[in-house]
Amino acid sequence: MSSALLLGDRSKGGDGLGGGKADGEQLPCCSGWLAGMVDTEEAMAQLRFAVPIVLTNMAYYGIPLVSVMFSGHLGNIHLAGATLGNSWATVTGYAFVMGLSGALETLCGKAYGARLYRMLGLYLQSSFVMSATASAIISVLWYFTEPVLLFLRQDPDVSHAAAVFIQAQIPGLFAFSFLHCLLRYLQTQSVVLPLVVCSVVPFALHVVLTHLLVNVLGMGLAGAAAAVSVTFWVSCLMLLGYVLISKEFTDTWRGFSVDAIKYVLPTVKLAMPSAIMVCLELWAFELLVLIAGLLPNPTVTTPLIAICVSTEAIACMITVGFSATVSTRVSNEIGAGNVDKAKNAVSVTMKLSVFLAISFVLLLAFGHNLWASLFSRSTTIVSEFAAIAPLMMISIVLDSAQGVLSGVSRGCGWQHIGAMTNLVAFYLVGMPLAILFAFKLKFYTKGLWAGLICGLTCQACSLLVITVRTKWSELAEAMLEEKATYVA
């Protein structure tokens, strides 16, 4: 087993940051104020891990977005249908199966740190079984998209267009679910550069394929959506082929085995709260857009909140990279029994994530008008976005902090705590206050976002208290007890 970027080769006296060093050898010291603020060696290792994850997530985020853009050139009904369909697919399917894969961050991460390499392959296969089952159930809902949307009082023409857009993505849902299982499997071994190749290359192919199906072959919405399915399968097969062919995974992947069936239930027990944890937060943002349509002047408030949500989602891409980083670091080091390194990793990741969030906020502070004009030519919407921008800056910083803390929860196996925290923070605190501020106090869009900030504050503070009060030594001891029962 080759040494990993973050975990290192402990058999050679590694320091846990990739590449062992001989006993007594001194690493170069970084002098100055920066070294006093953060462990620069750990920070550089985490950046080398996080940047590829950010690029990978941006590529996958952009694949369905490209199809929506191409659909927009077919007509207003097509654009509305593709937009509604994309939101419906994300809320009911993609977010859920992506959340399910979060169980592997705990299981594979700890197993890799504990050198129980064969367990990674078994956990991956058990996740395939779970993800295929979940995708099959969601596919039934997707097939009946049109009657469901009509029941929800959506426009008939837009509902039909959304159904066409979603139904052609049913095959892609299976690929997307398998794809994220492979991502977690590789991520927990600190193999990240292949993820960039297997996401950016398919993204480039997707642009060409969508143009071919929509503009050349004239397949319309069905062609735009079918391109999403094809692209996800290409990416999935590329990653699977890499795992099967590369000699790097000879220890963690020993072929398909019926032994994996025994680990389906333990995987599901972690995967379900992990999926709920992801969905509860995502649904809160989508709910804000729906509530905005009930405010006075919805032609302004709805697109304004939609722009805010899109901006938050783009900023969140950075957080996702560091959330994955700290999840891997914590699970690896707990599995290896390195409690101090796990705590140090959390501290460094938190500082990096907040620093980058503040950088993003500064860009938004000075360029909010330009940014809003990319979404709308309406001077009213641009000026309203400038007014709500200070609240957005607060929410981005809070979202950055809670994203890292959520990664700690996944690394420790506390998905159930994270799910409960999100339920309370967003639906017992954030949403009620958002409705109160927006309608009762008549703060309108600012009130909606202020309520969201209250929810994010509650979420971040709760996760921070949980993390600070964590007894890391007990986690390491529990892992040793689990290790004694494993058959590796």
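This note sets out numbered points on one buried serine, two helix pairs and two loop residues in a predicted model.

1. Basis. The model is predicted, and local features need pLDDT of at least 70, side-chain atom pairs count only at pLDDT 80 or more, and totals for chains, interfaces and linings use all residues. Residues are numbered from 1 along each chain as its sequence is written, and side-chain values use heavy atoms, with hydrogens and water left out.

2. Ser-199. This residue belongs to helix α9 (residues 193–216); helices are DSSP runs of H or I with at least four residues, numbered from the N terminus. Ser-199 counts as buried because its relative accessibility is 0% (buried is under 20% relative accessible area, exposed over 50%, partly exposed in between, with a 1.4 Å probe and protein chains only). The Ser-199 side chain reaches the backbone oxygen of Leu-195 at 2.9 Å. Neighbours within four places in sequence aside, Ser-199 is in contact with Thr-56, Ala-59, Tyr-60 and Ser-235, where contact means heavy atoms within 4.5 Å.

3. Helices α4 and α12. The axes of α4 (residues 103–113) and α12 (residues 298–336) come within 6 Å and cross at roughly 45 degrees; axes are lines fitted to C-alpha atoms, for helices over the stretch in contact, and angles run from 0 to 180 degrees between N-to-C directions. α4 is therefore oblique to α12 (angles under 35 degrees count as roughly parallel, over 145 as roughly antiparallel, 65 to 115 as roughly perpendicular and the rest as oblique). The residues of this contact divide into four nonpolar, seven polar and two charged. Ala, Val, Leu, Ile, Met, Phe, Trp, Tyr, Cys and Pro count as nonpolar, Asp, Glu, Lys and Arg as charged, and the others, Gly among them, as polar. Participants from α4 include Glu-105 and Lys-110, and those from α12 include Ser-331 and Asn-332.

4. Helices α8 and α10. Helix α8 (residues 170–187) packs against helix α10 (residues 220–245) at an angle of about 35 degrees, the axes being 8 Å apart. By class, 17 nonpolar, three polar and no charged residues make up the contact of α8 with α10. Among them are Phe-174, Phe-178 and Leu-182 in α8, and Phe-232, Trp-233 and Leu-239 in α10. Ser-235 of α10 also takes part; Ser-235 is one of the residues in contact with Ser-199.

5. Positive phi values. Arg-115, although not a glycine, has a positive phi of about 65 degrees. Arg-115 lies in the loop between α4 and α5 (117–143) and, at 40% relative accessibility, counts as partly exposed. Lys-442, likewise a residue other than glycine, has a positive phi near 60 degrees. Its place is the loop between α15 (415–440) and α16 (444–468), and Lys-442 counts as exposed at 52% relative accessibility.

Technical notes. Helices (H or I, at least four residues) and strands (E, at least two) are DSSP runs, numbered from the N terminus. A polar contact is a pair of N or O atoms within 3.5 Å; within protein, one must be able to donate a hydrogen and the other to accept it, and residues adjacent in sequence count only if both atoms are side-chain atoms.
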